[in-house]
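Morning, everyone. I have a few minutes on one structure, so let me put it on the screen.

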2 protein chains.
Amino acid sequence: MNYSIGQAAKKMGLTAHTLRYYEKEGLLPFVKKTSSGLRIFSEEDIGWLQMIECLKGTGMPLKGIKQYIDWFIEGDSPLQKRLDMFKQQKIKIEEQMRELKKHMEKINYKIAYYTEMVENGSDGVFERNKELAKERARLFGTPERK
Amino acid sequence: MNYSIGQAAKKMGLTAHTLRYYEKEGLLPFVKKTSSGLRIFSEEDIGWLQMIECLKGTGMPLKGIKQYIDWFIEGDSPLQKRLDMFKQQKIKIEEQMRELKKHMEKINYKIAYYTEMVENGSDGVFERNKELAKERARLFGTPERK
DNA sequence: ATAAATTTTAGAGTTTACTCTAAGTCAAGA
DNA sequence: TCTTGACTTAGAGTAAACTCTAAAATTTAT
């Protein structure tokens with residue numbers, strides 16, 4: 001199945017502008033055109049876009065994604081490079097997951113803290129809730145009150 | 001313990017430029033200055049910076065972080081707002097984690113695919129590895145070969 | 001006391017990833 | 001055929017988050 005730029009954009013949740021921009025940046029080297037110049041997005045092109053979204057979603061900048069695509073175009077020889085890139089990316093995602101978990105802990109502490117505050121008034125939270133105080137110490141290292 | 005801007009920057013893994021920029025954007029309203037104008041970062045300011053880094057790390061733009069800080073400055077009344085913001089942020093983090101996991105699956109597939117390719121040559125991977133083919137179908141929906 | 005390092009300010013410049021405009025071309029329905 | 005909507009291009013504009021510059025002041029080390 002083929003798509004016009006508008007249809008492809010809708011399918012991917014992007015704008016047509018963005019797709020043209022990606023093409024200009026060399027991220028969509030396989031998109032064909034009609035004799036009159038209209039872009040035709042094939043199912044395969046949609047696959048590329050999904051890959052792009054995946055790498056983008058893990059924080060890879062467009063230049064890095066282009067690198068991957070360029071390696072792909074170069075043919076079979078830099079196979080190892082592509083594999084290495086994905087392995088690298090995997091490590092980055094694992095790092096991100098650890099980061100997110102750490103952040104989540106802090107957010108959870110804040111939620112517990114503010115919930116306590118909203119329920120019991122804003123004073124003496126740490127006097128009344130030793131658990132929260134301990135959690136705070138663990139997360140932030142220093143106590144909030146002298 | 002107090003820190004100069006350079007020490008604070010080093011401690012946080014940011015540049016002094018960035019700290020001044022944050023201050024200009026209203027993200028560091030509690031940083032004091034000496035009579036001659038040098039900034040003094042207190043332990044509490046470091047705590048704010050850690051909070052900023054935490055929210056930044058979960059994708060909140062600086063303006064959103066400023067909003068939180070402004071609510072804080074306003075005093076106790078918008079307590080519920082702050083709580084709601086953290087709950088919102090928690091939902092966002094959970095979303096991000098799901099996204100990351102989905103991306104991770106795709107990356108893992110690519111790693112399996114390229115590993116197979118590097119080990120066995122680049123042809124007929126799907127003929128030889130039905131498991132990989134099934135995984136691909138699950139992740140991407142469409143087969144790579146007609 | 002003096003040299004070197006750090007900090008100050010205002011403001012300009014950069015990068016990334018879009019986002020939009022204008023003027024024109026193309027395609028599909030009434 | 002006419003009109004409406006989608007598409008084309010080159011290029012300008014935008015927003016976020018830095019990042020850097022320059023000249024002056026301050027602090028620290030010798």
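I'll go through the protein interface, then the two DNA strands, then the layout of chain A.

First, the ground rules. This is a predicted model, where local features need pLDDT of at least 70, side-chain atom pairs count only at pLDDT 80 or more, and totals for chains, interfaces and linings use all residues. Residues are numbered from 1 along each chain as its sequence is written, chains are lettered from A and ligands numbered from 1 in the order in which they are written, and side-chain values use heavy atoms, with hydrogens and water left out.

Start with the two protein chains. How many residues of chain A are in contact with chain B? The count is 39, and they meet 39 residues of chain B. Contact here means heavy atoms within 4.5 Å.

Next, area. The size of an interface is often given as the accessible area lost when the parts come together. Buried area is exactly that loss, taken with a 1.4 Å probe and summed over both parts. For chain A and chain B it is about 3500 Å², with 78% of it on carbon and sulfur atoms. Three residues stand out on the chain A side. A:L100, A:I107 and A:Y114 supply 19% of the area that chain A buries against chain B, more than any other three residues.

Which elements carry that side? In chain A, α3 (43-57), α4 (62-74) and α5 (79-120) each supply at least two residues to the side that touches chain B. The biggest giver is α5(A), with 25 residues. A word on labels: helices (H or I, at least four residues) and strands (E, at least two) are DSSP runs, numbered from the N terminus.

By class, this side of chain A has 18 nonpolar, eleven polar and ten charged residues. Nonpolar covers Ala, Val, Leu, Ile, Met, Phe, Trp, Tyr, Cys and Pro; charged covers Asp, Glu, Lys and Arg; the others, Gly among them, are polar.

How many salt bridges cross between chain A and chain B? The rule finds zero. That rule wants a side-chain nitrogen of Lys or Arg within 4 Å of a carboxyl oxygen of Asp or Glu. Polar contacts do cross the interface: three residue pairs, both residues at pLDDT 80 or more. A polar contact is a pair of N or O atoms within 3.5 Å; within protein, one must be able to donate a hydrogen and the other to accept it, and residues adjacent in sequence count only if both atoms are side-chain atoms.

Now the DNA. A residue is near a strand if one of its heavy atoms lies within 4 Å of it.

Take DNA strand D. It has 18 residues around it, and A:S4, A:K33, A:R39, B:Y22 and B:S36 come nearest. Sugar and phosphate make up 69% of the strand D atoms that come within 4 Å of the protein. Look at the phosphate oxygens of strand D. One is 2.6 Å from a side-chain N or O atom of A:S4. For A:K33 the distance is 2.5 Å. For B:S36 it is 2.8 Å. Of the elements near strand D, α2(B) has the largest share, with four residues.

Now DNA strand C. Here 18 residues surround the strand, and the closest are A:Y22, B:S4, B:R20, B:K33 and B:R39. Of the strand C atoms within 4 Å of the protein, 70% belong to sugar or phosphate, and the rest to bases. Again, phosphate oxygens. The side chain of A:Y22 has an N or O atom 2.7 Å from one. For B:R20 the figure is 3.1 Å. For B:R39 it is 2.6 Å. The top contributor near strand C is α2(A), with four residues. The surface near strand C holds seven nonpolar, six polar and five charged residues.

Last, the layout of chain A. It is divided into domain 1 (5-57) and domain 2 (93-140), with bounds from an automatic or database domain assignment. Their centres, taken over C-alpha atoms, are 43 Å apart.

And back to salt bridges. Over all chains the count comes to eleven. One links A:E23 and A:R39, with the closest N and O atoms 3.0 Å apart. A:E23 lies in helix α2 of chain A and A:R39 in strand β2 (residues 39-40), so the pair ties together parts that are 16 residues apart in sequence.

Notes. Buried area is the accessible area (1.4 Å probe) that two parts lose on being put together, summed over both.
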